[in-house]
Amino acid sequence: MLSRAELESGVLAKIEMELAKRQADRDNARLSEHDPAHFGWWLSDGKRVRAAHLQLISDRIAAHVETGNGRLIIAAPPRHGKSSLISETVPAWRLWRAPE
């Protein structure tokens, strides 16, 4: 059986780990404001891949959103993630950045 001090130290360690995780989540959320690909990765808890070609597309989309230029042609082979990035992640990222 564990002593009271051992139990308290274990609980404190768990609390510190949870606080560190929450801080990391806040930091990732702040970084996600600038980049749709990072936002998608953060939102999926790391399950969505951040491939180099999707990062390039994401950077271009973010630049077009910032300048207000609404025209961008994206060409990539089928099943490379462009549709999920553009139709799912970018609208969610846009609403995250400007909910009004």
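A residue counts as buried under 20% relative accessible area, as exposed over 50%, and as partly exposed in between. The exercises below use this scale on a predicted model.

**Exercise 1. Classify Glu-88, then find which residue its side chain meets in a salt bridge.**

Step 1. Glu-88 has a relative accessible area of 47%, so Glu-88 is partly exposed.

Step 2. The side chain of Glu-88 meets that of Arg-48 in a salt bridge, with 3.2 Å from N to O. The cut-off for a salt bridge is 4 Å.

Step 3. Glu-88 belongs to helix H4, while Arg-48 sits in the loop between H2 and H3; the two are 40 residues apart, and the pair links distant parts of the chain.

Step 4. Arg-48, at 30% relative accessible area, is also partly exposed.

**Exercise 2. The structure holds three salt bridges. Describe the one between Arg-50 and Asp-35, and the other side-chain contact of Arg-50.**

Step 1. In the bridge between Arg-50 and Asp-35, the closest N and O atoms are 3.6 Å apart.

Step 2. Arg-50 is in the loop between H2 and H3, and Asp-35 is in the loop between H1 and H2, 15 residues away.

Step 3. Asp-35 is buried, with 10% relative accessibility, whereas Arg-50 is partly exposed at 35%.

Step 4. The side chain of Arg-50 also makes a polar contact of 2.9 Å with the side chain of Gln-55. Gln-55 lies in helix H3 and is buried, its relative accessible area being 18%.

**Exercise 3. Show where the salt bridge between Glu-66 and Arg-97 lies in the chain.**

Step 1. The side chains of Glu-66 and Arg-97 meet at 2.6 Å, N to O.

Step 2. Glu-66 is in helix H3 and Arg-97 in helix H4, so the bridge ties together parts that are 31 residues apart in sequence.

Step 3. Glu-66 is exposed, at 53%; Arg-97 is partly exposed, at 31%.

**Exercise 4. Describe the aromatic cluster formed by Phe-39, Trp-42 and Trp-96.**

Step 1. A pair of aromatic rings is described by the distance of the centres and the angle of the planes.

Step 2. The structure holds three aromatic pairs. In one of them, Phe-39 and Trp-42 have ring centres 5.9 Å apart and planes at 45°, so this pair is tilted.

Step 3. Phe-39 and Trp-42 are three residues apart in helix H2, which means a separation of about one helical turn. Phe-39 is buried at 2%, and Trp-42 is buried at 17%.

Step 4. Trp-42 also pairs with Trp-96, at 5.1 Å centre to centre and 65° between the planes; this pair is edge-to-face. Angles over 60 degrees count as edge-to-face.

Step 5. Trp-42 is in helix H2 and Trp-96 in helix H4, 54 residues apart. Trp-96 is partly exposed, at 38%.

**Exercise 5. Contrast the largest nonpolar core with the nonpolar patch on the surface.**

Step 1. The largest nonpolar core has nine residues, including Phe-39, Trp-42, Leu-54, Leu-85 and Trp-93.

Step 2. Helices H2, H3 and H4 each supply at least two residues of this core. H3 gives the largest share, four residues.

Step 3. In soluble globular proteins, nonpolar side chains tend to be buried together.

Step 4. Val-11, Leu-12, Ile-15 and Leu-19 instead form a nonpolar patch on the surface, with about 380 Å² of accessible area together. One of them, Leu-19, is in helix H1 and is exposed at 52%.

Conventions
Residues are numbered from 1 along each chain as its sequence is written. This is a predicted model: local features need pLDDT of at least 70, side-chain atom pairs count only at pLDDT 80 or more; totals for chains, interfaces and linings use all residues. Side-chain values use heavy atoms; hydrogens and water are left out. Patches are made of residues with over 30% relative accessible area and no salt bridge: like charges are joined within 9 Å, nonpolar side chains (Val, Leu, Ile, Met, Phe, Trp, Tyr) within 5 Å. Accessible areas come from the Shrake-Rupley method with a 1.4 Å probe; for residues, only the protein chains shown count as cover. Buried means under 20% relative accessible area, exposed over 50%, partly exposed in between (1.4 Å probe, protein chains only). A nonpolar core is a set of buried Ala, Val, Leu, Ile, Met, Phe, Trp, Tyr and Cys residues joined through side-chain atoms within 4.5 Å. Rings of Phe, Tyr and Trp (its six-membered ring) pair if their centres lie within 6.5 Å; planes under 30 degrees apart count as stacked, over 60 as edge-to-face and the rest as tilted. A polar contact is a pair of N or O atoms within 3.5 Å; within protein, one must be able to donate a hydrogen and the other to accept it, and residues adjacent in sequence count only if both atoms are side-chain atoms.
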